[in-house]
Each structure stands twice: as C-alpha cells, then as structure tokens.
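Hi,

Here is the structure I promised to pass on to you. Please have it open while you read the notes underneath.

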Amino acid sequence: MAAEKLRDLSQPIDVAVLDATVSAFFVTGSKEERAAADQILRDLQANPDMWLQVVHILQNTKSMDTKFFALQVLEGVIKYRWNALPVEQRDGMKNYISEVIVQLSSNEASFRSERLYVNKLNVILVQIVKHDWPAKWTSFIPDLVAAAKTSETICENCMIILKLLSEEVFDFSRGEMTQQKIKELKQSLNSEFKLIHELCLYVLSASQRQDLIRSTLSALHAYLSWIPLGYIFESPLLETLLKFFPVPAYRNLTLQCLTEVAALNFGDFYNVQYVKMYTIFIGQLQTILPPSTNIPEAYSSGSGEEQAFIQNLALFFTSFFKFHIRVLESAPDTVSLLLTGLEYLINISYVDDTEVFKVCLDYWNTLVLELFDAHHNSDNPAATINLMGLQMAQVLQRRQLYSNPMSKLRGLMINRMAKPEEVLIVEDENGNIVRETLKDNDVLVQYKIMRETLIYLSHLDHDDTEKQMLRKLTKQLSGEEWAWNTLNTLCWAIGSISGSMAEDQENRFLVMVIRDLLNLCEITKGKDNKAVIASNIMYVVGQYPRFLRAHWKFLKTVVNKLFEFMHETHPGVQDMACDTFLKIVQKCKRKFVIVQVGEREPFVSELLSGLASTVQDLEPHQIHSFYESVGNMIHAESDPLKRDEYLRRLMELPNEKWAEIIGQARQSVEVLKDPVVIRTVLNILQTNTSAATSLGTDFLSQISLIFLDMLNVYRMYSELVSTSITDGGPYASKTSFVKLLRSVKRETLKLIETFLDKAEDQPHIGKQFVSPMMEYVLADYARNVPDARESEVLSLFATIINKYKATMLDDVPNIFEAVFQCTLEMITKNFEDYPEHRLKFFSLLRAIATFCFPALIKLSSQQLKLVMDSIIWAFRHTERNIAETGLNLLLEMLKNFQQSAFCNQFFRSYFIQIEQEIFAVLTDTFHKPGFKLHVLVLQHLFCLVESGALTEPLWDTATVPYPYPNNAAFVREYTIKLLSSSFPNMTAAEVTQFVNGLYESRNDPSEFKKNIRDFLVQSKEFSAQDNKDLYAEEAAAQREQERQRMLSIPGLVAPNEIQDEMVDS
C-alpha cells in the first residue's frame, strides 16, 4: 500500500499520498480503507518528528482536510512540547504561521474563501502566544496593531485574534495554565491595551465596512470586562457605543458591550458616567421598543435577531441594576427612569423562553433578598438599636419606592410558579392529564429559586401576597380565569410560602384556601378537571403541617379526602394521595393516637377498623407506602400494650395470608414453587419492610412471629435458584422464575436489614437475629454458585457490624470465611461484572476496619495482602461509589495500623505501593471525583514519615546500598523519581519543587491541596476539561453555610424538610 511509505519521515512526506489517505479516512474510503487510513494517521500523529513536516504539507496541499490534519499535529506539539523545542525551530514556525495569516487575510477573496482555515491558524497562533508572550515575543501586540493598519481585511482578522486571545487568557485558562502564568498574561495585556484601544476607536470612527465594525465590537466585548477603567470612562468609547445602539445592524453587539460595562463594579468613582449612560440608553430604547409594546407577544412572533435583542436587553438591565441601582435611586429625576427600566424587565420576565426567564429570575431573587435583608434587620429589635433614625427612614423610603414593582413581581411569581417535586400529575403535549414519568431537574431548580423569591416577597408584604392569591382563587371559583395551568401555578405558589406568615394569619388564609379548593372540587365536572384540583389540594395541604396540627377537624377532613382520592383511578392521583398521607402523618403523628374532642376512639383505631376497604383499590407499592404511614402513627403511641395491639391489627391481613401459605407448605412444599404464591410471599415481605421502616424496635413482636419461617423459605428458594442455574447454565438466572425467587431472597434480607438498622441499639436483639443467620444466610452465600449469591447479604452484615460494632468481633472470622474469598473471585476478574457486589463488599470491609479492626490484625499475611490488593483494586475503579468506598476504607486502615503494634511491619510492606497507586489515580482524569480523598491519603502518608511513628526503614536495606538518613529523605527521593519518570514533560526542578512543597505544607490541608491542584495543571494531565471536582470540598462548605442562613428565615426551609420531631402533642 502506497500509504505505508508515509511512515518514513526521514525525507519530505509525499503530500499527494497523504491527501489520498486523509480523503480515504474522511470521504471516499470503504470500511477497510478507512480503518487502514485511520491507523496510519494515528501513527503519524504520535510520531514526535511529524511536526517538522507541517510547513511542507501546508505549502503543497490543496486539501482542506489535510491542512487541518497538519494543524492538529502542530497543535499537539505547541500544547505539550513547545518549550522543549530549539529556539530557531520555534521562531521559524511562528513566523511561517504569521505570514500565512497575513497573506490569506490581505485580500477579500481569499479571506472569505479560506475562512475556516484562517480561523484555525488564528487559534494556533494564539496557542503559541500563550507560551511565548510576553517574554519571548515582546513585540506581539505592536506587530499585530501595525499589521491591522495595512488593510481592512487584515484589520478584521486581527480583531478576531485579539478576541481569541482575551477569551483564552480570561475565560478558558483555569486548568490550562498555572496561576502565575495567567497573572503574567493579564498584566501584559493590561499594559499594552493602549494600542488596542486606539485601534478600536479608530475603526469605529473611520470605517464604513460592516464586517469590520462587527468584528471590532465583538473584540471589544471580550476586553471590556477587565481593561483599565480609564479606557472606558475617560475616552469617547461609551459615546461611540451609544451612537451605534440605534443602528439595527449593530444593535445586539453594542448591547452586549454596554452589558459588559454595566456589569463592572468598582465603587462610586464613575457614578456620573453610569447615570448619563443609563439616561441616554433608556431614551433610545423607548424609541426602539415603546413601553406600551406587548413584549411576550413581540418575542414569540419576532425574528432570531429580535429575540436575541430581548435576551440581551434582559442581560443589560439585570447587570446594570445588580451593581448600580443605588445610584439611580438617589436622585429624583433618575427614579422615574429606574421604574421604567424595572417595568421593562417585569414585562420581559413574562416572555415564554426558559433562558430569558432564568436571567430575569436570577436578578429578581438578588433584588428581593437585598430588600428583605434590610426589612428583616429593621424588624429585628436587636438590629434596630444599631440603626440610626436616618437609616431607618432610608429603609422605609426604599421599601416604599419599590412597593409597586414588588407587587407586580408577586403577580409574576404566582403566574409563572414552577412545578414542585411532590406534584406527580402533569399535562402532556396532547393536553391530557397524566402521571409524570420523569423528573425535570431544570424545573426543580427553577422552583427552588422562585419559592425563595416569593417567600422574601411575602415577608415584605404579607397582606398584598395574600390578597393577590385569594383574588386569583376567587376568579377560579367564578370560572372567570378557570384553567388548569392558572390553578396549578396559583396552588404551587400558595404551597411554596408555607411557614413565612405569622401563625394566626396563615391559619386565616389557609381556612379560606382549603375551603375554596374543596368547593371547587365539588362544583367542577370532568375527570381530568377533578384530577387537577385533587392534585392541587394534596400539594397545598401537604405543605402546611403546622396548620393541620393546630386544627384537628381540618386534619381529619383532609385525611378522609385523601382516602377518597385513594379510590380515584386517574393516573397519578392515588400515588400522590399516598405520598401526601405519609408526609402529613410524619409531621402530625401524635394527633392520630390520642382521643380528640368529640371522638370515641383515637383516629388510628378507626382507621385500622376500615383498613381493608381503604386500601382495596391501591396497587401493591401504594399499599406499602400506606403501611409505612400507619406504622408512623403507631410509633407515636407511648403505651406499649396499645402499640402492640395496633401493630397486630395492622398486620392482620398480611399475617393471615402468610399463615395460610406456611400451613399449606407444611403439607406440601411444592406450593411454594407456584409463581402466584411466590408473588404473594414477596408482597407480604415488602409490606413488613414498609412497617419496619417506620416502627423500628416496636416491630420486634411482628418480625419474631415470622422470622424462622421466613429463613426456611429463604433457604428453600436459595437452593431452588442454585439448582436452576447449575442445571440451566448462565441464562437460567435471566428467567422470570429465577428472578422472582431472588426477589423474595432480597426482600427477606432487606426486611432484616431495615429492622436491625432502625431498631435501637440493644445487643440482645442483635444476638437473637444474627446467630440463626450465620447458618441460613452466610453458609448459604458461600455454598451458592456466583450468579445465585445475593449482594444484600454483604450489606446486611455491614449494617450489623456498623450497628453492633465491637460486639460482633467474634463473628468476623466466620463472616470473612463465608464471603471474602468467594466474593473477591467474582469481582476481580474485570471492572464490570457484579456491580452491586463490588460496592457492598467494600462497605462491609470498611465496617470491619472501622469497628472490628483487631480481627484484621489476626489475618495471615497472605489474607492481609488479599485485603490490601482488593482495596487498591477498589480505588482504581472508575465507578465513583466504589472508588470512594475503597479510599475511605484505605484511610481507616492507615489510621488504625499507624496506632497498632504492627505499624512498621504494615507500612514497610505497603507504603510505597499505596503512594504509587494513589499518584496513578490522582493523575488520571477518570478519577477526578476522588480528588479530595486522594489528597487526604497522600497527606496522611507524608505526615506519617515525618511523625517518627515509623522506627524501621521503609527501603529494603538488602538491595539499596545507600543508607538514607531517615524515611522522610527516602520517600522524598522516591517520589521525585516516580514523578520524573511518569511526567517527562516536566523538568527535574519543577518536580523537586512540588515534592518539597508537599512536605512543607503537609500540616496545612488547604495549602497541601492547592499544591497538588497546581501540579495537575502543570503536568498537563488535567487540561481545560471541567475541573469542578478539584474544588468540590469548598463548594460543600459553601452549601452548608447557605443552609444555616436559610434556616434562620421563616419559611425558607419548607416545614416538611426540617428534620425535627415537630411538637404535635
């Protein structure tokens, strides 16, 4: 094949053959030719000398695909090897690229026809500039500006290069360059901006060429956010931009530039200029888009350009108000312009476009929070003492100023409220009411922000909020505004402000709301209509547990209404009724177990009497939810005798069925093989699990009743599964019969695990249940064929050890013997098989390492090696949960061994291996989410060698002739060697500096972490991908701080989300 000779790079490459190979890959080749071409091109790309052929290829090919291939090779060299190349080769390449760009962009025809090629060359040039400028190419900016003045097309391309440069340095640099390099480039751009500024102003004032002006505005847009402010406010730049704003061809680009200026925030120094800019802008805007325009309508019928204009307008107003609204508030003549701007923004907020709405909502949230904070402080007696009379007056004056826009904003929030998570009933694209199948995360995020905003608005004026909501509800009742969507958004808004009003006002408000909604349900005809109203009633009542706890009659009416909805077969209504019932019971459980005024018995007793008819229309999963709810009620009963009596009555139906099946099985075991019976057994066990979830220790009497029979069924089904798989081969495990049997086994284990996990820590309970399971469950696991082993066995014993801790010490050897070897054989063949077993196996190991560590010390060195190998194998895993469990387990092992008598022995065997493996995953981008734990392990190792805990050398004294003064010196040298050989693109000095930095910062976690982050960037392992995982810990701390703030404001954390034992006695 002619293409094979391309591999010989000792002479100039045959460009015609290369063209044919590239063409075979991209366009003309058959499947085989494409595969062969792909292999040759990959080999060429990997050849370190290939880049020397780039100029020769670019000069001799006409194929655009070949040019792009050559530039791709060059880009790789610039990114990873540029600084290692000889100076003359770098200069030659730099000059060649510059000349080709100038040549192609110097005349209109070639600039247009070769546009894609020129753009790629621009990108390459900017990559070179990032390395060489300012130190090795000091004249870059003057050269560029001088070239721009020679022709208008070159000038247009120079603007494109300048824009690229700004984006590279300011927008895409995180993870690509070290902090030091970014700082250096920013300083250089700042100091040389004068030339760029003059060029832009010259073009905008002198050129008539539309494309050039657009490129210039686009380049300016990239620079405005960071250049010295004098270039904006002390030059004609702003006036020039405002002149371009009314011109349709430049309107959007100019508006983007003005938005960048609006978003600058450097104190009050340029307030006069901002007011002038805003005043001229509003004047021009009122001509372009008269205030009377129906913006949502204009948007839906507008062109792409016009829609972009509305989007840009939203960005301009939100940016300007975010930073400069105070300036506009301060003078009477600008207040009216401010209100005009807010009016525009409220109208834009009604536009039916998610992105536009997000921009507006984000700002409304900020503004309302700011107004609320001032209001909150003025209402707070402690803070009022600190506020002087004048400041108080200002706060009140400001609230008065915004009262009208805020009232309109309440209307907007009520009209556009997003759907909360609890609502399961939605309208599909055909206008039918159906059960929701997928959660839309964007909508949930939007709901969260809207809810927060509406709560602040409610705090600012409770009466107006209440008035607007009740007015809209009256219009629903009268039929004037009746529509599904209007009722939905209104009820979601009512539910979302739960907890924000004073209790008496909330009670008055809710009595009216619930009464009106129940009336609406009575008077409205039509199945779909009733389903929508039912969904809204359930959502609203579920949000107000405080109200329900205070009003037994309402609570009883609501619960009976939910029981009514449980017979309603419309999709989603029963699910929502069961969910709401559970939510209400969790917050009001005490109310159901005491005899209320005017009642003969507690509600729970009345409910248990009619249990069979209440649940008769429910699906099995809904019945399980119902049992969990009633379990919560029973749990609230303080009298143990009554509690046991209620539990007996609750479990009567499933227990009768269970006794019947077990009785038949004693006559003939074949009964248990009938699929209908297996399904019934599964359903009974699931019902028990649901009740155990809410009852905890109180479930003891019930589980004791069925425990041994249940284990016998477990063992029988287990043998059946094993036999089926042994006889039927691997596909037998996929048959519905085997799957059903395994479901029963899993549910048995889940029931025991749930009970033991929820039960209070009473050792006798542990002993009562664990001993029988050693034979039935553990021995069975070991005996089974791999495909018949349930991973839940592992999680059950992990739960037991986590619960009963050191009391399980004597049982650990038996657990090890039964599960360790056989599970490892299943999961270490590859990274894919048995995913459930993997995670649960390491969770079990972690429980043992944490609470029964002495059992690990007793392992033979061979067994311990197996444990360590499996841990290393776990954190190498690309499945995040498994890797994290492995790393947490490793940390437990390191801490426990360091404090044990086997410290020297353990670390001599494993220190080097652990360090090497951790660096391997740390520098692998697939393991980025484990960054925090990788850092903790390394920090532990570096602290350990400096702590003096190790009294014997870590190196092998027999094979290493050089005696190191101490372990720290050995580890330092070993680490430098390890990293130098792994990253040949880093100099010895850089590696040594990094390792020394680790030693120096070992006691300062944040500095240690920062060191490692910089190393990952420097080693080029983590380039411009998403590096948010490297900053995950900081983000988590911020989230916790935010939650504490939210807890301090009534209503911000929904009453259902507050994890408290709400006082409902």
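Below is what turned up, starting with confidence and then moving through the charged pairs, one histidine and two helices.

First, a word on how far to trust the coordinates. This is a predicted model. The mean pLDDT of the protein chain is 86, and 93% of the residues score at least 70. Please be careful with residues 1021-1026, where pLDDT stays under 50. The model still has 22 contacts beyond four places in sequence for that stretch.

On annotation, UniProt lists residues 37-103 as "domain: Importin N-terminal", in an unreviewed entry. In the model that stretch is 76% helix and 0% strand, and its end C-alpha atoms lie 32 Å apart.

Now the charges, which I suspect you will look at early on. The count comes to 47 salt bridges, and a few deserve a description.

Within the annotated range, arginine 42 pairs with aspartate 38, with 3.2 Å between the closest N and O atoms. Both sit in helix 2 (residues 31-46), and because they are four residues apart there, about one helical turn separates them. Aspartate 38 has a relative accessible area of 22%, so it counts as partly exposed.

A second pair has another character. Arginine 398 and glutamate 329 form a salt bridge at 2.8 Å, N to O. This one links distant parts of the chain: arginine 398 belongs to helix 22 (residues 389-401) and glutamate 329 to helix 18 (residues 304-330), 69 residues apart. Are these two partners buried or exposed? Arginine 398 is buried, at 8% relative accessible area, and glutamate 329 is buried too, at 15%.

For a third case, take arginine 648 and glutamate 652, whose side chains meet in a salt bridge of 3.7 Å, N to O. Here arginine 648 is partly exposed at 45% relative accessible area, and glutamate 652 is partly exposed at 36%.

There is also a network of salt bridges that links Arg742, Lys745, Arg746, Glu790, Glu792, Glu836 and Lys840.

One member of that network, Glu790, is also in contact with histidine 837. This histidine is found in helix 43 (residues 835-851), and its relative accessible area of 6% makes it buried. What does its side chain have for polar company? A polar atom of that side chain lies 3.5 Å from the backbone nitrogen of serine 791. Leaving aside neighbours within four places in sequence, the contacts of histidine 837 also include Tyr781, Arg789, Leu794, Met826 and Ile827. If you assign protonation states, this may be a residue to look at by eye.

Finally, two helices. Helix 9 (residues 152-170) has 19 residues and reaches 27 Å from its first C-alpha to its last, close to the 27 Å expected. This helix is mostly covered, with 14 of its 19 residues buried.

Helix 50 (residues 988-1000) has 13 residues and spans 18 Å between its first and last C-alpha, again close to the expected 18 Å. Which of its residues are buried? They are Val991, Phe994, Val995, Gly997, Leu998 and Tyr999. These buried residues pack against helix 47 (903-922), helix 48 (931-947), helix 49 (967-982) and helix 51 (1005-1018).

That is everything from my side for now. Happy to talk it through whenever suits you.

Best wishes

Definitions and conventions: Residues numbered from 1 in each chain as written. Predicted model: local features only at pLDDT ≥ 70, side-chain atom pairs only at ≥ 80, totals over all residues. Heavy atoms only, no water. UniProt positions renumbered as here; feature names shortened; annotations may be inferred. Helix = DSSP H or I, 4+ residues; strand = E, 2+ residues; numbered from the N terminus. Salt bridge = Lys/Arg side-chain N within 4 Å of Asp/Glu carboxyl O. Buried < 20%, exposed > 50% of the residue type's maximum accessible area, 1.4 Å probe, protein only. Expected span 1.5 Å × (residues − 1). Polar contact = N/O pair within 3.5 Å; in protein donor to acceptor, adjacent residues only side chain to side chain. Contact = heavy atoms within 4.5 Å. pLDDT = per-residue confidence, 0-100.
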